[in-house]
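Could you walk me through how this chain packs together, from single buried residues up to its cores and its cavity? Please keep it in plain paragraphs that I can follow with the model open.

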Amino acid sequence: MKKSTQVAIGGLSSALCVLLMFMTGLIPFSTYVFPGMAGIVLIAVATEIGGATALLVFVATSVLSLFIVPDRESVLLFIMLLGYYPMIKPKLERIPKPFVYLLKLALFNVVIVAFYYATIYLLGIPDLLSDWGSLGKYTSYVAIGLANYTFFMYDYLLSKVLFIYIHWFRPRILRKIP
């Protein structure tokens, strides 16, 4: 593939990712959905062009989102996990099954705790759990449990999207493009 084609696809992918990230400021409760969708765009870039270009698209999207996207929480989530995770997922899954689940679980929990503290201290969003009083400590366990469940559902759906992209979309749609 020519360099000019790679640059064009990278630029269009970055624009699509930034557009998806910008949607978080327009649609309520989309703080977690659109960063995940923007990360899915990087699957196509990594598969078709390569990991280096996908990494550049991730960096470009992250930097542009910092300046353009009004929802800082979604930008932080994209940078800390949902932007690069779809690119490293195929590499992680080369590890034997029990270890890969432990590694994914460890990665997610470290990132989600760091995200929680970054949201409080970097973005200045108040600690929501403190409003719950003595129930707040139990709420944090329920919240982290639900977050882990959501992450594994995202991981599962990401596997299905990757399968559909490689086995259906690529042969039927991209094959027809000269």
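S62 counts as buried, because its relative accessibility is 7% and the cut-off for buried is under 20%. The residue sits in helix α3. Keep in mind as you look around that this is a predicted model. Setting aside residues up to four places away in sequence, S62 touches V75, F78 and I79.

The helix around S62 is a good place to widen the view. α3 (51-68) has 18 residues and spans 25 Å from its first C-alpha to its last, close to the 26 Å expected at 1.5 Å a residue. Which residues of α3 are buried? They are T53, A54, V57, F58, T61, S62 and S65. The buried residues of this helix pack against α1 (3-22), α2, α4 and α5.

T53, another residue of α3, is buried as well, because its relative accessible area is 17% and the limit is under 20%. Apart from neighbours within four places in sequence, T53 is in contact with Q6 and V45. If you measure across the model from here, the C-alpha atoms of T53 and Y149 are 31 Å apart, with their positions 96 residues apart along the chain.

Now follow the contact from S62 to F78. F78 is in helix α4 and is buried, with a relative accessible area of 1%. Its contacts, not counting residues up to four places away in sequence, are M21, P35, A38, G39, L42, F58, T61, S62, G83 and Y84. One of these, M21, is 57 residues away along the chain, yet the C-alpha atoms of F78 and M21 are separated by 8.6 Å.

Between α3 and α4 runs a loop, and V69 lies in it. Is V69 buried or exposed? It is buried, with a relative accessible area of 1%. Leaving out neighbours within four places in sequence, V69 contacts V18, M21, F22, T24, S74 and V75. Its C-alpha atom is 22 Å from that of I9, which is 60 residues away along the chain.

Another contact of F78 is G39, which takes us to helix α2. α2 (residues 33-48) has 16 residues and reaches 24 Å from first C-alpha to last, close to the 22 Å expected at 1.5 Å a residue. Its buried residues are F34, P35, G36, A38, G39, V41, L42, I43 and V45. G39 counts as buried at 0% relative accessibility. Beyond its neighbours within four places in sequence, G39 is in contact with F78, L82, G83 and P86. The C-alpha atoms of G39 and K104, 65 residues apart along the chain, are separated by 16 Å. After α2 comes G50, with a positive phi near 130°.

With these helices in place, turn to the nonpolar cores. The largest one has 18 residues, and L81, Y85 and F115 have the most contacts inside it. The elements that give this core two or more residues are α4 (72-82), α5, α6 (97-121) and α7. α6 supplies the largest share, six residues. Y85 also shows what surrounds it: leaving aside residues up to four places away in sequence, Y85 touches L92, K104, L107, F151, Y154, D155 and L158. A second, separate core of 15 residues includes A38, V41, A54 and M87.

The last stop is empty space. How many cavities of 30 Å³ or more does a search of the whole structure find? The search finds one, and the volume of the largest cavity is about 30 Å³. I43, P86, K89, P90, L158, S159 and L162 line the largest cavity. The elements giving two or more residues to that lining are α5 (85-92) and α7 (136-172). By type, the lining residues divide into five nonpolar, one polar and one charged. Several names here will be familiar by now: I43 is among the buried residues of α2, P86 is one of the contacts of G39, and L158 is one of the contacts of Y85.

Definitions and conventions. Residues are numbered from 1 along each chain as its sequence is written. This is a predicted model: local features need pLDDT of at least 70, side-chain atom pairs count only at pLDDT 80 or more; totals for chains, interfaces and linings use all residues. Side-chain values use heavy atoms; hydrogens and water are left out. Helices (H or I, at least four residues) and strands (E, at least two) are DSSP runs, numbered from the N terminus. The expected span of a helix is 1.5 Å times one less than its number of residues. Buried means under 20% relative accessible area, exposed over 50%, partly exposed in between (1.4 Å probe, protein chains only). On a 1 Å grid over the protein atoms alone, a cavity is a set of points where a 1.4 Å probe fits but cannot get out, and a pocket is an open set with protein on both sides within 12 Å along at least five of seven lines; lining residues have an atom within 4 Å of a point. Grid points are joined across faces, edges and corners, and a volume is the space filled by probe spheres set on the points. Ala, Val, Leu, Ile, Met, Phe, Trp, Tyr, Cys and Pro count as nonpolar, Asp, Glu, Lys and Arg as charged, and the others, Gly among them, as polar. A nonpolar core is a set of buried Ala, Val, Leu, Ile, Met, Phe, Trp, Tyr and Cys residues joined through side-chain atoms within 4.5 Å. Contact means heavy atoms within 4.5 Å.
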